[in-house]
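Student: I would like a close look at the charged side chains of one structure and how they pair. Please keep to what can be read from the model.

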Amino acid sequence: MVQPIRVLIADDSVRTRDGLRVFFATCPQVTIVGEAPDGQEALRLVALYRPDVVLLDLHMPLLDGFQV
């Protein structure tokens, strides 16, 4: 059995995070492990959950996608 791809979503827009979550809910090979509203929280969640993929918004408060 193939393990699902573990994804973390980091975006300051609730609507974007919600939309991505709904989209990936239709993909059984993807599991959303966490969501972050800013760069600092994204870094914390990456250390905690160790996702395979992080979807980063380039323009977020505290730390942007480039800084993360």
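How many residues apart are Arg44 and Glu41 in helix H2, and what separation in helical turns is that?

Tutor: A caution before the details: this is a predicted model. Arg44 and Glu41 are three residues apart in helix H2, so about one helical turn separates them. Their side chains meet in a salt bridge, with 2.8 Å from N to O. Neither partner is buried: Arg44 is partly exposed at 45% relative accessibility, and Glu41 is also partly exposed, at 23%. The value for Glu41 lies not far above the cut-off, because buried means under 20% relative accessible area.

That pair belongs to a set of four salt bridges found in a search of the whole structure. Another of them joins Asp18 and Arg21, whose closest N and O atoms are 2.6 Å apart. Here too the spacing is three residues, about one turn, but the helix is H1. Asp18 has a relative accessible area of 30% and is therefore partly exposed. Arg21, at 34% relative accessibility, falls into the partly exposed class as well.

A further salt bridge runs from Arg17 to Glu35, and its closest N and O atoms are 3.6 Å apart. Arg17 lies in helix H1 (residues 14-25) and Glu35 in strand E2 (residues 30-36), so this pair ties together parts that are 18 residues apart in sequence. The two ends are not alike in exposure: Arg17 is buried, with a relative accessible area of 12%, whereas Glu35 is partly exposed at 26%. The 3.6 Å contact still counts, because the limit for a salt bridge is 4 Å between the side-chain nitrogen and the carboxyl oxygen.

The bridges of Arg17 and Asp18 should be read together. Arg17, Asp18, Arg21 and Glu35 are linked in a network of salt bridges. Within that network, Asp18 and Arg21 both sit in helix H1, while the Arg17 to Glu35 pair brings in strand E2.

Helix H1 can be followed a little further along the chain, to its aromatic residues. The structure holds one aromatic pair. The ring centres of Phe23 and Phe24 are 5.1 Å apart and the ring planes stand at 70°, so the arrangement is edge-to-face. The angle decides the class, because planes over 60 degrees apart count as edge-to-face. Phe24 is buried, with 16% relative accessible area, but Phe23 is partly exposed at 49%. That puts Phe23 just short of the exposed class, because exposed means over 50%.

Back at helix H2, the backbone after the helix deserves a check. Arg50 is in the loop between helix H2 (39-49) and strand E3 (53-56). Although it is not a glycine, Arg50 has a positive phi of about 50°. The sign is worth noting because most residues other than glycine have a negative phi. Arg50 is exposed, with a relative accessible area of 62%. Leu62, in the segment after E3, also has a positive phi, near 70°, and is not a glycine either. At 58% relative accessible area, Leu62 is exposed.

Conventions:
Residues are numbered from 1 along each chain as its sequence is written. This is a predicted model: local features need pLDDT of at least 70, side-chain atom pairs count only at pLDDT 80 or more; totals for chains, interfaces and linings use all residues. Side-chain values use heavy atoms; hydrogens and water are left out. Rings of Phe, Tyr and Trp (its six-membered ring) pair if their centres lie within 6.5 Å; planes under 30 degrees apart count as stacked, over 60 as edge-to-face and the rest as tilted. Buried means under 20% relative accessible area, exposed over 50%, partly exposed in between (1.4 Å probe, protein chains only). Helices (H or I, at least four residues) and strands (E, at least two) are DSSP runs, numbered from the N terminus.
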